[in-house]
Amino acid sequence: MVANPETLLASKKVLLIDIGGTNVRTCCAAIGTSVLLNPQKVNTSCLNSFDDLIHKFLTEDPLIDHIVFSVAGPKVNNSITMTNREFTLDANSVLQKFNISSCHILNDWESIGYSLSPVSYTHLRAHETREDL
């Protein structure tokens, strides 16, 4: 996708954070586009706290107004406690601590489901081989 960088810089952004057992993957996107900006990947062992991670991104990019987390762990009451790390992430707590409009927390499998919505059945069938049938 081609986008005017001046337009992207002027619009509000969403911060996307995928936290798994091994890696933390992050990127931003301007609202209304599918252009991913500044994708990064670090080892989860480098993560000391969710608050530090969020603060870093919000300080570096004041246009971030929304955050979507995908986290490995069971989701209960808009909160996820990771099964393999000593971390709990709560959307209401994030909203109280930081000046953002929205925070969404998804279980990692839930986020995979959302990623499939733009994929058509025909597209999936086009990648099957004779042995798959």
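Is Thr44 buried or exposed? In the predicted model, Thr44 has a relative accessible area of 1% and is therefore classed as buried, the limit for that class being under 20%. This residue belongs to the loop that connects β3 and α2. When neighbours within four places in sequence are set aside, the contacts of Thr44 are Gly20, Gly21, Thr22, Asn23, Val24 and Arg85.

A second threonine, Thr26, was examined in the same manner. Thr26 is part of strand β2, and its relative accessible area of 6% places it among buried residues. Beyond the neighbours within four places in sequence, Thr26 is in contact with Leu16, Ile17, Asn38, Pro39, Gln40 and Phe57. Thr26 also appears in the lining of the second largest pocket.

Helix α2 (50-60) has a buried set consisting of Phe50, Leu53, Ile54, Phe57 and Leu58. These residues span an arc of only 125° around the axis and so lie on the same side of α2. The cover over them includes β1, β2, β3, β4, β7 and α3 (91-97). On the face turned away from this buried side, α2 carries the exposed residues Thr59 and Glu60.

Among the elements that contribute to this cover is β4, which spans residues 64-71. Strand β4 is itself mostly covered, with 6 of its 8 residues buried. Its pairing with β1 is parallel and extends over 7 bridges; within this pair, Ile17 is placed opposite Phe69 of β4. Strand β4 also pairs with β8 (residues 102-107), again in the parallel sense, over 6 bridges, and here Ile67 faces Cys103 of β8.

Antiparallel pairing is found in an open sheet of 3 strands, arranged in the order β5-β6-β7. Strands β5 (75-76) and β7 (88-90) form the edges, each of them pairing on one side only. Strand β6 (residues 79-81) runs antiparallel to β7 and is joined to it by 3 bridges, with Ile80 opposite Leu89 of β7.

Strands of a sheet pair through backbone hydrogen bonds, in either the parallel or the antiparallel sense.

The open space in the model was then considered. The largest pocket has a volume of about 210 Å³. Its lining comprises 15 residues, and those nearest the centre are Val42, Cys46, Leu47, Leu53 and Lys56. Two or more lining residues come from each of β2 (23-30), β3 (36-43) and α2. Classified by side chain, the lining contains 6 nonpolar, 5 polar and 4 charged residues. Leu53 thus has two entries in this description: it is one of the buried residues of α2, and it is one of the residues nearest the centre of the largest pocket.

The second largest pocket holds about 160 Å³ of space. Its lining is formed by Leu16, Ile17, Asp18, Arg25, Thr26, Cys27, Leu36, Val68, Phe69, Ser70, Leu106 and Ser111. At least two of these residues are supplied by each of β1 (13-19), β2 and β4. By class, 7 are nonpolar, 3 polar and 2 charged. Ile17 and Phe69, which stand opposite each other in the pairing of β1 with β4, both occur in this lining.

Definitions and conventions: Residues are numbered from 1 along each chain as its sequence is written. This is a predicted model: local features need pLDDT of at least 70, side-chain atom pairs count only at pLDDT 80 or more; totals for chains, interfaces and linings use all residues. Side-chain values use heavy atoms; hydrogens and water are left out. On a 1 Å grid over the protein atoms alone, a cavity is a set of points where a 1.4 Å probe fits but cannot get out, and a pocket is an open set with protein on both sides within 12 Å along at least five of seven lines; lining residues have an atom within 4 Å of a point. Grid points are joined across faces, edges and corners, and a volume is the space filled by probe spheres set on the points. Helices (H or I, at least four residues) and strands (E, at least two) are DSSP runs, numbered from the N terminus. Ala, Val, Leu, Ile, Met, Phe, Trp, Tyr, Cys and Pro count as nonpolar, Asp, Glu, Lys and Arg as charged, and the others, Gly among them, as polar. Two strands pair if DSSP finds at least two bridges between them. Buried means under 20% relative accessible area, exposed over 50%, partly exposed in between (1.4 Å probe, protein chains only). Contact means heavy atoms within 4.5 Å. The arc is that of the directions from the helix axis to the C-beta atoms.
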